[in-house]
Amino acid sequence: MNNERNKIPQLRPTIENLSQAIFTVNRHAKTAPNPKYLYQLKHDAIKKMLKEGKAKKTGLHFSNNPRNSQQQSDVLVVCGDYTFHIPPSKLDFEQLPHLGKLDQSVRNPKAFISLNNAKKLLATYTGLKETQEPVGTGKTRQYAKPVFKKLGERYP
């Protein structure tokens with residue numbers, strides 16, 4: 001009985017399943033400790049869907065969180081019932097209309113797919129594999145005791 005419950009039906013890469021998987025991965029990437037793989041998975045899946053005609057670029061939006069500039073635009077992509085944003089290319093600025101500010105009232109529908117299933121579906125669809133980084137490779141600084149000087153003395 002437990003085996004029956006643990007078996008998850010294999011998701012087929014339909015437009016609806018892929019867009020739900022992208023939505024789930026994107027939602028979890030915003031709070032993940034290492035979101036690089038999840039964002040790469042999202043980006044590669046959207047690019048492949050655009051190439052296959054399963055998704056469509058509709059226009060440009062001003063970004064809510066511009067990086068180092070005052071304004072930044074993102075490409076609005078429609079996949080089934082879901083909409084996503086990806087970074088624009090130079091051609092996008094020439095070919096797509098600018099839609100102005102993002103409409104905050106428009107929301108994606110809820111997705112009922114787990115993160116593991118979404119990652120598996122997108123990984124098999126794109127062929128992207130998650131690389132496991134060794135735990136001890138992070139940059140760790142050795143503790144240095146603070147140096148206190150008397151008032152008026154200079155630091156070396």
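1. **Aromatic pairs.** This predicted model holds 2 aromatic pairs. One joins F23 and Y82: the ring centres are 5.5 Å apart and the planes meet at 45°, so the pair counts as tilted. This pair bridges distant stretches of the chain, with F23 in helix 2 and Y82 in strand 3 (residues 82-86), 59 residues apart. The other is made by Y82 and F84, and here the rings are stacked, with 6.3 Å from centre to centre and 5° between the planes. Taken together, F23, Y82 and F84 make up one aromatic cluster.

2. **How covered is that cluster?** Please look at the three rings in turn. F23 has a relative accessible area of 16%, and because the cut-off for buried is under 20%, F23 is counted as buried. Y82 is buried with a relative accessible area of 1%, and F84 is buried at 3% relative accessibility.

3. **A serine beside the aromatics.** Which residues does S19 contact, apart from its neighbours within four places in sequence? They are C79, Y82 and F84, so this serine touches two members of the cluster described above, Y82 and F84. S19 belongs to helix 2, which spans residues 15-29, and it is buried at 0% relative accessibility. Its side chain also has a polar partner: a polar atom there lies 2.8 Å from the backbone oxygen of I15.

4. **The nonpolar core.** It is worth colouring this one on your screen. The largest nonpolar core has 28 residues, and those with the most contacts inside it are I22, M49, V77, F84 and L122. Two or more residues each come from helix 2, helix 3 (36-52), strand 2 (73-79), strand 3 and helix 5 (115-126). As background, nonpolar side chains in soluble globular proteins tend to be buried together.

5. **L122 as a way into the core.** If you would like one residue to start from, try L122, which is among those with the most contacts inside the core. Leaving out neighbours within four places in sequence, L122 is in contact with L18, A21, I22, V25, L41, A45 and G127. I22 appears in that list, and I22 is also among the residues with the most contacts inside the core.

6. **The hairpin.** Strand 2 and strand 3 pair in the antiparallel sense, over 5 bridges. They form a hairpin with 2 residues between them, and G80 in the turn has a positive phi of about 60°. To find the register, you can use V75, whose bridge partner in strand 3 is I86.

7. **Two faces of strand 3.** Which residues of strand 3 lie on its covered face, and which on the uncovered one? Y82, F84 and I86 are on the covered face, while T83 and H85 are on the uncovered one. Both strand 3 members of the aromatic cluster, Y82 and F84, therefore sit on the covered side, in keeping with their buried status at 1% for Y82 and 3% for F84.

8. **S73 and H98.** S73 lies in strand 2 and is buried, with a relative accessible area of 11%. Its side chain is joined to that of H98 by a polar contact of 2.8 Å. Not counting residues up to four places away in sequence, S73 touches L60, H61, F62, S63, P88, F93 and H98.

9. **S63, in a loop.** S63 lies in the loop between strand 1 (56-62) and strand 2. Is S63 buried or exposed? At 17% relative accessibility, S63 counts as buried. Apart from its neighbours within four places in sequence, S63 is in contact with Q72, S73 and D74. The C-alpha atoms of S63 and H85 are 9.1 Å apart, with these positions 22 residues apart along the chain.

10. **A charge over a ring.** One more side-chain arrangement deserves a look: the charged end of K48 sits over the ring of Y125, 4.5 Å from the ring centre.

11. **The whole chain.** Finally, here is the overall layout. The protein chain has 5 helices and 3 strands, and from the N terminus on these run α-α-α-β-β-β-α-α. Of its 156 residues, 28% count as buried. Among contacts with a separation of 6 or more, 64% are between residues 24 or more positions apart.

Methods: Residues numbered from 1 in each chain as written. Predicted model: local features only at pLDDT ≥ 70, side-chain atom pairs only at ≥ 80, totals over all residues. Heavy atoms only, no water. Helix = DSSP H or I, 4+ residues; strand = E, 2+ residues; numbered from the N terminus. Buried < 20%, exposed > 50% of the residue type's maximum accessible area, 1.4 Å probe, protein only. Polar contact = N/O pair within 3.5 Å; in protein donor to acceptor, adjacent residues only side chain to side chain. Contact = heavy atoms within 4.5 Å. Phe/Tyr/Trp six-rings, centres within 6.5 Å; stacked < 30°, edge-to-face > 60°. Lys NZ or Arg CZ within 6 Å of the ring centre and 35° of its normal. Core = buried A, V, L, I, M, F, W, Y, C linked by side-chain atoms within 4.5 Å. Pairing = 2+ DSSP bridges.
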